[in-house]
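Student: Please take a close look at one part of this structure, the surroundings of a bound ligand, and then set that part in the wider chain.

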Amino acid sequence: MENTTNDPKQEQKQDPPERPSHILEAPEAVLSTMNKDGTRKWMYPKLSKGSMYTRRKIVGWILIALFFALPIVKMNGEPAMFLDIVHRRFAIFGQIFYATDTLLLMLLGLTLVISVVWATALFGRVWCGWGCPQTVYMEFIFRPIERLVEGTEAQRKRRDKQGWTPDKVWRTAVKLFLYTIIAAAMSHTFVAYFVSWDVLTSWMTGAPSKHWGFFLMMGITTALIVFDFAYFREQMCTIACPYARLQSVLMDPDSLIVSYDPSRGETRGRRTKAQREQEKQGIKLKNLGDCIDCGACVRTCPTGIDIRDGLQLECISCTQCIDACDAIMIGVGKEPGLVRYTSENKIDNKPSRILRPRLVLYTGLLVLFSSVLLYLVTHASMFDINMMRATDKPFTVLPDGQVSNHFKMRTQNRIGSSQDLQVTVIEPEGAVIKAQNDAKFTLKPGQMKYIDLWIVSPNEVFKSGQSTAKLRVSNGSGAEQIIEHKMLGPVSAK
Ligand code: SF4
Ligand code: SF4
């Protein structure tokens, strides 16, 4: 009941008011990384080295190397990956796409989306554990630096409890300094994907006063990366990433998951010395499963969950619990695999299928889209040609009786080196081209040009006022395109 008295003595006898944090406390933990009162629960995951960790490390370092190499390595004279949004031109593994390549870009987008959906249905959250930059950089760059500077998980935990001691201050400063260097390298490389490495190098070596915008952008991006890897960490996966939520929808009971096998592990329980001896002699203990309840799988989990509680949204399939548990199982003389890659159906001893309707559909769509895309990319011409009528007179009858049609030809170089193009007439017989420099022109890498062309044809080629021009555009290196366009002439012509 609410206290309405003003008597101080009476007030002293009453219970002190409850703290707001107590009032707001949740009945049970909402998130593994959050205390009941909503404060952050800091994670100190113990590194578990094992076969899965080694494989993930190899994949992770390949991905890191690719990230830094793709804007630098050249393919067909272009960076292997250059997303030039300002000029609406995209170089992807030596192939140039323009914003006008609607079909190609649409197919590329569809292929990427279907690949993600297909991979998730088949391999579950494999992206989170093996490919996502958040996991890869955290586990193979930032956490190793933290371990190097601040020591083991137990040492960090102890130091954090002591508050800001001089020891913690200098270690944190060194760690953040190293983080900032890595983050700056990452943000510069990221920008190189959009402005090219050459432009980025000129900005970096030029006077800072000329590129304040660039320095500001780099500073903000670097600060965000440091914030993410030094502080935000697993919160990105557990509360911020929309793809993490989407993946749960895309998975089914046959998708690959990291799971604890309760039929083998339960009833879990610690062993007495005598029981340990019996197990070593191969004697199966009554009423005890293989899980010795050591907690190694929980201590190693970067998102703080207990894999034995079943499939959880916070699980990023990092496989650390597999390595942790395998080491324990080997240590106690049991088969590894109590925690392993499997599927919900397999764990529940239900029939498991690889080929299920949704996977057949995704595979069919993926094969279709990627085949069409591959065909179009491998058969793409080295240059684009489009011809349209000029907007002046439909045609001109010259003093010698020949008929001139004026066209505009739009040309674009699709490769990373210059091309010398030449336009010649194939049909109608007797027609010639009038154009600047005899219809020869040079296109620089990626350049687009409009060329004025006049096709002068004998009067007699026009039937009912119409005829067709057939032109050849060649680059002198074997690549050519044939284009046709309707020409207009006098109706009286035979
Ligand atoms: S439960 Fe296992 S696989 Fe999932 S996030 Fe934790 S350690 Fe990684
Ligand atoms: S690491 Fe293995 S044995 Fe230890 S608690 Fe986890 S599941 Fe049980």
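Tutor: In this predicted model, the shell around ligand 2 divides into 11 nonpolar, two polar and three charged residues. There are 16 residues around ligand 2, and those that come nearest are Cys291, Cys294, Ala296, Cys297 and Cys325. Two elements give two or more residues to this shell: α15, which covers 296-299, and α16, which covers 320-331. The most comes from α16, with three residues. Cysteine counts as nonpolar here, so the nonpolar class in this shell should not be read as hydrocarbon side chains alone: Cys291, Cys294, Cys297 and Cys325 are among the residues that come nearest to ligand 2.

Ligand 1 can be described in the same terms. Around ligand 1 there are 14 residues, of which Cys301, Cys315, Cys318, Gln320 and Cys321 come nearest. By class, the shell of ligand 1 holds nine nonpolar and five polar residues, with no charged residue, whereas the shell of ligand 2 has three charged residues.

As for the wider chain, the protein is divided into domain 1 (51-247), domain 2 (255-347) and domain 3 (383-488). The C-alpha centres of domain 1 and domain 3 are 48 Å apart. Even so, five residues of domain 1 are in contact with six residues of domain 3. On the domain 1 side of that contact, one residue is nonpolar, two are polar and two are charged.

Terms used:
Residues are numbered from 1 along each chain as its sequence is written. Chains are lettered from A and ligands numbered from 1 in the order in which they are written. This is a predicted model: local features need pLDDT of at least 70, side-chain atom pairs count only at pLDDT 80 or more; totals for chains, interfaces and linings use all residues. A residue is near a molecule or strand if its C-beta atom, placed from the backbone, lies within 6 Å of it. Domain bounds come from an automatic or database domain assignment. Two residues are in contact if their C-beta atoms, placed from the backbone, lie within 7 Å. Helices (H or I, at least four residues) and strands (E, at least two) are DSSP runs, numbered from the N terminus.
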